[in-house]
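Trainee: I'd like a close look at one part of this model. Pick a helix and walk me through it, including what it leans on.

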Amino acid sequence: MAAKKLSETYSKNLINELKKWGKMKRTGVSLRYMTEFGSRPTEKNLLISAQFLHKELAIRIARKALELEKLPYGLSEKPAVLKVRDWYVDSFSDVRSFKEISDTNDELAFTQTIKSIRLKHTSVAPTLALGVQQLKQDLGPKINIQDLSEIHQFLDRFYMSRIGIRMLIGQHVALHDPDPLPDCIGCIHTRMSPLEVARNASEDARSICLREYGSSPDVKIYGDHNFTFPYVPSHLHLMVFELVKNSLRAVQERFMDSDEVAPPIRIVVADGLQDVTIKISDEGGGIPRCDLPKLFSYLYSTAKSPLDENMTMSSSDAATMAGYGCGIPISRLYARYFGGDLQVISMEGYGTDAYLHLSRLGDSEEPLS
Ligand SMILES: Nc1ncnc2c1ncn2[C@@H]1O[C@H](COP(=O)(O)OP(=O)(O)OP(=O)(O)O)[C@@H](O)[C@H]1O
Ligand SMILES: [Mg+2]
């Protein structure tokens, strides 16, 4: 597929609109605001929420579509990146096809539209990863990953924005649920048990390990079973899943051919006043110190890439043990999205500790860099 400029695919009007909206100021929201607002999902509030999204999504989506046009090292011309750009431009056009949201009928139609936008964008991450992987191949093995800081900064901004867009849409759509689960406000669980989420995420990671290797180390979880705090369970699930997957892989690879029993992965949940911290420790041999700076790069993986140019989207959706090189940087973005962070500390020759800090206060606004 030849690289197609925006003007070859879209009308001048649409491109001008895109440029106009892409310059507008975004508005960040906090977990606390979403929780308080969502606790009264009246028709009037859903209308206010849709009116906010009508503007906010157009701004955020336009910004990213334009950014995808201007990437260094020819990344913008990669077919996979063009595909993602077109998804963004089409979605911008879908949002802007609503002149205004003035009553409940408009609101319901708009909700359907953004719901399908969210669905259409499901494969953005693996598709973009394919583009980045193609770039990595073009640049050859001699390239130093840390030199590609522009690409890393772009991907950090891009994925962070994607998390925000998906959270805003997901929350609005979920507020329409006529029969929400107890203590749930949209995607937010006001009494989420981090132990329970960690257990589910660990089991999911273990089943992939079992499928891939035929066996899996155990995961032991320590902490107060009654402790809960408000958070988005799907976000925590994703982070713990990625970190446990990494630990399982390291332990499995290290003990696969050994007579020793593989030591368990240990998860400790601590509830502090400011942060809930989740430590994931393994005895998988750690990471060499020289590789630590690459850990948060989207191009660093010691696994074989599961992506290839002929992949079909359905096959790319299947979860794999490792290989994209995105698990750690994306988990850190999810943590930072609500004011938390992720640190990884390694003892080469022994194992790795990942510290996931989640802010308990819920008042930090989405980062809009
Ligand atoms: N607990 C760990 N022990 C040893 N090495 C690790 C650990 N966690 C991460 N690594 C190293 O860091 C690399 C990057 O991890 P990351 O999760 O970002 O990507 P990945 O696991 O390779 O692929 P995926 O995107 O599928 O997660 C891994 O390939 C591995 O070499
Ligand atoms: Mg990983």
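Mentor: Here's a walk along helix α9 and then out to its surroundings. Keep in mind that this is a predicted model, where local features need pLDDT of at least 70 and side-chain atom pairs count only at pLDDT 80 or more, while totals for chains, interfaces and linings use all residues. Residues are numbered from 1 along each chain as its sequence is written, with chains lettered from A and ligands numbered from 1 in the order in which they are written.

Start with the length: α9 runs over residues 194-213, and its 20 residues should span 28 Å at 1.5 Å a residue, which agrees with the 28 Å between its end C-alpha atoms. (Helices are DSSP runs of H or I, at least four residues, and strands are runs of E, at least two, numbered from the N terminus; the expected span is 1.5 Å times one less than the number of residues.) Now look at its buried residues: Pro194, Val197, Ala198, Ala201, Ser202, Ala205, Ile208 and Cys209. They cover an arc of only 125° around the axis, which puts them on the same side of α9; the arc is that of the directions from the helix axis to the C-beta atoms. On the face turned away from that side sit the exposed residues Ser207 and Arg211. Buried here means 20 or more other C-beta atoms within 10 Å of a residue's own, exposed means 12 or fewer, and partly exposed is in between, with C-beta atoms placed from the backbone. Just past the helix, glycine 214 has a positive phi of about 85°.

So what does the buried side press on? It packs against strands β2 (188-192), β3 (219-222), β5 (265-271) and β6 (275-282), plus helix α10 (233-255). Valine 244 shows this up close: leaving aside neighbours within four places in sequence, its contacts are Ala201, Ser202, Ala205, Val219, Ile265 and Ile280, a contact being two C-beta atoms, placed from the backbone, within 7 Å.

Val244 is also among the residues that touch the most other members of the largest nonpolar core, which has 91 residues; the others are Ile61, Ala65, Phe92 and Val240. Domain 1 (6-180) and domain 2 (193-359) both give residues to this core, so it lies between them. (A nonpolar core is a set of buried Ala, Val, Leu, Ile, Met, Phe, Trp, Tyr and Cys residues joined through C-beta atoms within 7 Å; domain bounds come from an automatic or database domain assignment.)

Finally, α10 gives the most to the shell around ligand 1, with four residues.
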